[in-house]
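Me: Please take a close look at one residue in this model, and then describe the sheets and the helix packing elsewhere in the chain.

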Amino acid sequence: MPEGDTVWQAARRLHDALAGKVLTLTDFRVPQYATIDLTGRTVLDVTPRGKHLLTRIEGDVTLHSHLRMDGSWRVFEPGRRWNGGPAYQIRVVLGTADRTAVGYRLPVVELLRGAEEHRAVGHLGPDLLGPDWDPEQALANVLSDPARQLGEALLDQRNLAGIGNVYKSELCFLLGVTPWLPAGDLPADRAAALPALAKRLLEANRNRPVRNTTGRRAPDLFVYGRARRPCLRCGTPIRVADQGDGSRDRPTYWCPTCQPGPTPSPAPPPLRQPRPRTDG
């Protein structure tokens, strides 16, 4: 699933391509908006909010989209062949005189009035890459249910917006605890460091084509995607298990030596490695 830095990059690409320009083509390939025509209107801005994208258009219209697991926005110059997937996967097309933005496999597409944006993003906690970032509130949200597993609390976008499976695993490694640790058991000094560390990780990667948390050329990540490979700190083989109720694929990686604390018991066999990051 794209995380906050990936969505921030997508918003920047869309904003650079569309903002301040008049729409010459709009095509909404979802039934409820199939007859909507926004041509002649100017795109005002494209703003990320956690993992959501808000494209604001003249006339008090906001296009809300979400990438979830497989969605992507691609921008094409005139004459360039669209190559983000087969045509039947296209959900939205927004064209101007010199750019065309095509949304592929978007699971969420809705048109809202500006005053209705809260219906799409009002439930989100402080955005790690947004102007509303509030570290004290974010930490209070994470710790509000002391019995909840830390990894699950970090993924809950109502607590803080922008963390996905990659940053959950990396952040827990850097904090030196397992993602299964009850949030209330997080030592006070590490809890105090959590908000700034999470923000630093996302900010460091929002302009990078390849996500990096180690500060090295390779490997780019401490634990995520490195099952059975040696920990960069202690050499212990990294482990992987699924976290959550099983309704979603949430591979979670940790070092059993550097991250003491509760773990699934018995440890399940390693899941398949995730596909390389492609931000589209």
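Reply: A residue is called buried at under 20% relative accessible area, exposed at over 50%, and partly exposed in between, with a 1.4 Å probe and protein chains only. Threonine 213 has a relative accessibility of 11%, so it counts as buried. The model is predicted: local features need pLDDT of at least 70 and side-chain atom pairs pLDDT 80 or more, while totals for chains, interfaces and linings use all residues. Residues are numbered from 1 along each chain as its sequence is written, and side-chain values use heavy atoms, without hydrogens or water.

Threonine 213 sits in the loop that connects α6 (188–205) with β9 (239–242); helices (H or I, at least four residues) and strands (E, at least two) are DSSP runs, numbered from the N terminus. Its side chain makes a polar contact of 2.5 Å with the side chain of glutamate 170 (N or O atoms within 3.5 Å, one able to donate a hydrogen and the other to accept it; residues adjacent in sequence count only if both atoms are side-chain atoms). Beyond four places in sequence, threonine 213 is in contact (heavy atoms within 4.5 Å) with Tyr167, Glu170, Leu201, Asp220, Leu221 and Phe222.

Elsewhere, one open sheet has four strands in the order β1-β6-β7-β5, with antiparallel pairing; strands pair if DSSP finds at least two bridges between them. At its edges are β1 (25–28) and β5 (72–76), each pairing on one side only. From one strand to the next the twist averages 15°, where axes are lines fitted to C-alpha atoms, for helices over the stretch in contact, and angles between N-to-C directions run from 0 to 180 degrees. Strands β5 and β7 (residues 100–104) run antiparallel and are joined by five bridges; arginine 74 has valine 102 in β7 as its bridge partner. Helix α1 (residues 4–18) lies across β5, β6 (90–95) and β7, at about 35° to β5.

A second sheet, also open and antiparallel, orders its four strands β2-β3-β4-β8. Here β2 (43–49) and β8 (108–112) are the edge strands, and each pairs on one side only. Neighbouring strands are turned by 15° against each other on average, direction ignored. Six bridges link the antiparallel strands β3 (residues 52–57) and β4 (residues 61–66), and isoleucine 57 has valine 61 in β4 as its bridge partner. Helix α1 packs on this sheet too, touching β2 and β3, and its direction makes about 175° with that of β2.
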